[in-house]
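Visitor: Could you take me on a close look at one part of this protein? I would like to hear about the charged pairs and what surrounds them.

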Amino acid sequence: MDMDSTETSKLVEKTSDDPSEPPPNKTNSPHHHHSFIKSSSKKLLKLILEPLQWLQMLSSQLNPTFVFGVILVYGFNQGFSGSFFKVVSDYYWKDVQKIQPSVVQLYTGLYSIPWIMKPIWGLMTDVFPVKGYRRRPYFILAGVVGTISAAMVALGGKLSAAVALSCLIGLSAAVAIADVTIDACIARNSIEIRSLASDLQSLCGFSSSAGALIGYSTSGFFVHHLGPQVSLGILAIPPALLVFLGFIIYEHRTTTRSEENKSTEKLGLALRGMYKTIKFPQVWKPSLYMFLSLALSFSTHEGHFYWYTDPKAGPAFSQEFVGIIYAIGALASMVGVLIYHKNLKDYPFRSILFMAQLLYSVCGMLDLMFILRWNLAFGIPDYLFVVMEECVSRIVSRIRWMPMIVLSSRLCPLGIEGTFFALLMCIDSLGSLTSKWGGGVVLHVFHVTRNDFTNLWLVVLIRNVLRFSTLALIFLVPKSGQSEAIIPADLLTNNSTSITIDDDEGKDKNLELVPLNVEKAQVY
């Protein structure tokens with residue numbers, strides 16, 4: 001039977017409103033799927049290009065060889081070498097030299113000696129040029145010392161503890177000399193282009209964490225297959241790269257008359273400038289805080305390491321897994337740098353350091369929980385808990401450390417920025433030395449040995465209480481923002497005009513780190 005137009009129209013409306021006929025799923029349509037893939041590709045491409053664009057921005061504002069030098073020194077010489085050295089040397093003392101953890105803790109404190117000498121290296125780079133060059137010779141010197149030290153400990157056979165310790169201190173010296181040389185450049189740029197101070201520290205942090213990730217990831221593998229002693233020979237590679245850096249980094253050669261007399265004069269000016277600067281409350285108070293925050297949190301690392309690898313009292317982690325733990329921690333450290341760079345670099349120094357120290361104290365309790373094996377009571381296996389604990393502690397440690405470095409760079413007067421930044425890092429190294437030696441003494445007093453870890457939990461508890469006590473010292477930190485002036489203006493003008501004169505025209509011909517079109521640093 002035929003239907004008229006009215007009936008046909010009603011039937012069509014009924015059919016379109018029928019719930020049994022679901023509307024077409026637009027999310028599953030080819031067009032939507034193509035849009036989703038395109039959007040995801042753009043996000044991935046942006047994620048990849050953003051760091052490259054950031055490096056390009058830094059290279060455009062600063063000399064590209066300086067940016068390369070920061071990546072080489074912090075990424076390979078500190079990040080890779082430091083992480084690889086940490087794991088391999090621990091196994092070397094434990095399995096080859098068979099030393100007690102408290103003694104190893106004292107030995108590791110001696111690694112800080114070259115870092116305590118950083119003001120000396122800083123003075124040398126600031127006022128004692130070699131053949132007209134101020135930076136290049138010290139990169140080469142660091143490379144030669146590190147390469148020889150690594151080769152000696154790897155190829156020297158059965159070494160006495162004293163000789164082995166001397167070689168390992170030589171490796172530490174190579175890192176310290178290269179560090180103070182590049183830090184002088186970083187400090188100067190942080191003063192002259194204040195807006196890039198946090199970016200430079202982020203570059204240092206990213207490079208160091210990336211290098212550490214590689215070092216930790218490979219350390220356990222090499223220890224297992226080559227042994228600790230031979231594995232230390234791999235540490236000759238990063239110092240060799242420093243020699244290469246010393247030949248390629250861009251630097252003007254100065255030609256001066258009576259260079260020795262001028263160097264002696266500038267040495268006296270530098271010492272007087274350092275003495276004048278450190279007397280200001282705006283300088284010595286935050287310096288004191290940085291020292292105490294490091295010294296009061298004494299290190300228990302060697303006790304933890306021996307307990308980690310003990311088959312009876314501890315979780316008996318393998319060599320490869322120990323490296324993996326630290327590698328994951330290095331990755332977490334990069335996350336900490338990213339969090340600081342994206343969200344925290346604009347907070348005032350006092351606020352960010354108070355919150356960071358509080359979190360640092362709280363996360364220290366995770367160590368205590370692990371040693372007491374509370375994680376097993378909560379059903380969390382050892383391997384999972386230690387990875388969680390390492391990630392949290394590394395993120396917090398990086399967030400705590402980076403504002404301190406930015407603060408240190410903000411305290412340096414122009415002209416002696418390399419020497420004074422080295423002095424501040426020397427103070428930090430003294431704090432680290434106190435922390436390690438204090439930890440060694442406490443481990444010895446509480447009889448934590450290669451096989452007895454009964455009182456390790458008590459040692460960690462005391463350490464955590466001291467971390468909380470550091471919060472009472474936060475008044476020593478300035479309330480100023482991380483890009484604001486801290487030191488008096490006359491420290492910049494006096495030191496910069498009296499110490500950086502290198503030739504008859506009064507031009508500073510050190511490393512050309514700042515292009516000529518950059519605005520001059522504001523006097524404050």
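Guide: Happy to. A residue is called buried when its relative accessible area is under 20%, exposed when that area is over 50%, and partly exposed in between. Please keep in mind that this is a predicted model.

Let's begin with E390, which counts as buried because its relative accessibility is 8%. The side chain of E390 meets that of R394 in a salt bridge, at 3.2 Å from N to O. Both partners sit in helix 18, and because they are four residues apart there, about one helical turn separates them. R394 is buried too, since its relative accessible area is 16%. Helix 18 itself covers residues 382-410. Leaving out residues up to four places away in sequence, R394 touches K86, Y216, Y326, G329, A330, A332 and S333.

In general, side chains of opposite charge can pair when their charged atoms come close. The structure holds four salt bridges, so let me show you two others.

One of them joins R373 to D382, with the closest N and O atoms 2.3 Å apart. Here the two partners fall into separate classes of accessibility: R373 counts as partly exposed because its value is 22%, whereas D382, at 14%, counts as buried.

Another joins D367 to R463, where the closest N and O atoms are 2.9 Å apart. This pair links distant parts of the chain, as D367 belongs to helix 16 (residues 349-371) and R463 to helix 20 (residues 456-469), 96 residues apart. Both D367 and R463 are buried.

D382 also leads us to the nonpolar side of the picture. Setting aside neighbours within four places in sequence, F317 is in contact with D382, and also with Y308, T309, V322, I325, F370, Y383 and V386. F317 and V386, together with W93, have the most contacts inside the largest nonpolar core, which has 52 residues. Helix 3 (residues 64-96) gives this core its largest share, eight residues. Apart from this core lies another, of 36 residues, including A270, L344, L353 and F420.

Helix 3 is worth one more stop, for its packing against helix 9 (residues 197-226): the angle is about 35° and the axes are 7 Å apart. Their crossing is right-handed. Sorted by class, the contact between helix 3 and helix 9 has 18 nonpolar, nine polar and one charged residues.

Terms used: Residues numbered from 1 in each chain as written. Predicted model: local features only at pLDDT ≥ 70, side-chain atom pairs only at ≥ 80, totals over all residues. Heavy atoms only, no water. Core = buried A, V, L, I, M, F, W, Y, C linked by side-chain atoms within 4.5 Å. Buried < 20%, exposed > 50% of the residue type's maximum accessible area, 1.4 Å probe, protein only. Helix = DSSP H or I, 4+ residues; strand = E, 2+ residues; numbered from the N terminus. Contact = heavy atoms within 4.5 Å. Axes fitted to C-alpha atoms, helices over the stretch in contact; angles between N-to-C directions. Left-handed = near helix turned anticlockwise from the far one by under 90°. Nonpolar A, V, L, I, M, F, W, Y, C, P; charged D, E, K, R; others polar.
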